[in-house]
Amino acid sequence: MNRFSLSLLAGVAVLSMASAASAADLLVQQPSMPGFVDMGGGGGWDGAYVGGFVGYGFGTATQDAADVLFLVDDELDLSGWTVGATLGANFTVAQGFILGAAGDIAWAGIGGYESGNGVDFDVNWTGSFRGKAGFDGGAFMPYLTAGLAFAGATGSDNGVDSTQVHFGWTAGAGVEVAVADQISLDLQYRYSDYGTAEYDLPADNAELDLSTHAVTAGVNFKF
C-alpha cells in the first residue's frame with residue numbers, strides 16, 4: 001500500500017470519527033419527544049397552579065327500594081358535559097415521589113329524564129377537595145387522587161322542583177404532561193359517590209343516592 005493510500009485512509013478515518021462525534025452531539029441535544037418539556041426529574045413539578053378543564057360524566061341517581069319516584073326502575077341513568085376550574089399545589093417529598101392537594105368546582109349538565117311519569121333529575125354543579133400522589137417522570141407525572149366530593153342537584157316531579165346538596169367521596173387517576181415550563185395538560189378519570197340526600201317532591205319524599213364517572217381534559221398554569 002503506497003503513501004497516498006495510507007494518507008487517504010487516515011483522512012477517511014479522521015473524517016469518520018469527527019462525523020460520529022458530531023452525530024453523537026446531535027443525538028444528545030435532540031429532544032426525545034418533540035412537543036413535551038423535560039421538567040428535570042427533580043422538583044420541576046413543585047409549586048402552586050391554577051387550571052381549567054372540560055369533560056364528560058355519566059352515572060345514576062338511585063332511589064331507596066321503598067320509594068316510588070322512579071317507576072321504570074329504582075335508578076335513573078344520567079349523562080352530560082361538565083366544565084370547571086381547579087386550584088392546587090405539588091411538593092417533591094422524595095426522589096421521584098410527589099404529594100399534592102387540589103380543589104375543583106365545576107358546572108355540570110349531567111342529567112336524566114323519565115318520560116313515563118314526568119320525573120327529571122339534574123346535577124347542577126360538583127366540587128372536590130383531594131390529595132394527590134404522583135411519580136416525577138420528567139415530562140410526565142402519572143398520579144392517583146382521592147378525597148371529599150360534593151354536588152348540588154335538582155329533582156323535578158311534573159314541574160315541582162327540589163334542590164339538595166350531596167356529600168361523599170371521590171377517587172381516580174390521571175397524568176399530567178408538560179408542554180411548556182409553566183404549562184401542563186391534565187387528563188383524568190374519577191369515580192365519585194356523592195352519597196344520599198332527601199328530595200321533597202309531591203309523589204314521594206325520595207332518598208336518592210348519586211354516583212358518577214367522569215373523564216376530563218384540562219390545562220394547568222403553574223405560578
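1. Secondary structure first: this predicted model has one helix and eight strands. Going from the N terminus, the order is α-β-β-β-β-β-β-β-β, so the helix comes ahead of the strands. Of the 223 residues in the protein, 41% are buried.

2. On strand pairing, S1 (47–63) and S2 (75–94) run antiparallel to each other, with 16 bridges. S2 also pairs with S3 (residues 97–114), again in the antiparallel sense, over 13 bridges. Thr 82 is a handy residue to click on here: Gly 55 stands opposite Thr 82 on one side of the pairing, and in S3 the bridge partner of Thr 82 is Ala 108.

3. Two backbone spots to look at. The hairpin of S2 and S3 has two residues between the strands, and Gly 96 there takes a positive phi near 80°. Asn 158 has a positive phi too, near 55°, and is not a glycine. Most residues other than glycine have a negative phi, so I'd give this one a look. Asn 158 belongs to the loop between S5 (140–157) and S6 (160–180), and its 58% relative accessibility makes it count as exposed.

4. Salt bridges: the count is three. Asp 104 takes part in a bridge to Arg 130, with the closest N and O atoms 3.1 Å apart. That pair links S3 with S4 (residues 119–135), 26 residues apart in the chain. Asp 104 also bridges to Arg 190, at 3.5 Å between the closest N and O atoms, and here the link is from S3 to S7, 86 residues apart. Together, Asp 104, Arg 130 and Arg 190 form a salt-bridge network.

5. Are the members of that network buried or exposed? Asp 104 is buried because its relative accessibility is 7%, under the 20% cut-off. Arg 130, at 8%, is buried, and Arg 190 counts as buried at 12%.

6. The remaining bridge I'd point out joins Glu 176 and Lys 132, 3.3 Å from N to O. Glu 176 sits in S6 and Lys 132 in S4, so this contact ties together parts 44 residues apart in sequence. Both of these residues are buried.

7. Finally, the surface. A negative patch is made up of Asp 64, Asp 73, Asp 74, Glu 75, Asp 77, Glu 198, Asp 200 and Glu 207. S2 and S7 (183–200) are the elements giving two or more residues to the patch. Asp 73 is in the loop between S1 and S2, and counts as partly exposed because its relative accessibility is 43%.

Terms used: Residues are numbered from 1 along each chain as its sequence is written. This is a predicted model: local features need pLDDT of at least 70, side-chain atom pairs count only at pLDDT 80 or more; totals for chains, interfaces and linings use all residues. Side-chain values use heavy atoms; hydrogens and water are left out. Patches are made of residues with over 30% relative accessible area and no salt bridge: like charges are joined within 9 Å, nonpolar side chains (Val, Leu, Ile, Met, Phe, Trp, Tyr) within 5 Å. Accessible areas come from the Shrake-Rupley method with a 1.4 Å probe; for residues, only the protein chains shown count as cover. A salt bridge is a side-chain nitrogen of Lys or Arg within 4 Å of a carboxyl oxygen of Asp or Glu. Lys and Arg count as positive and Asp and Glu as negative; His and the chain ends are not counted. The place of a charge is taken as NZ of Lys, CZ of Arg, CG of Asp or CD of Glu. Helices (H or I, at least four residues) and strands (E, at least two) are DSSP runs, numbered from the N terminus. Buried means under 20% relative accessible area, exposed over 50%, partly exposed in between (1.4 Å probe, protein chains only). Two strands pair if DSSP finds at least two bridges between them.
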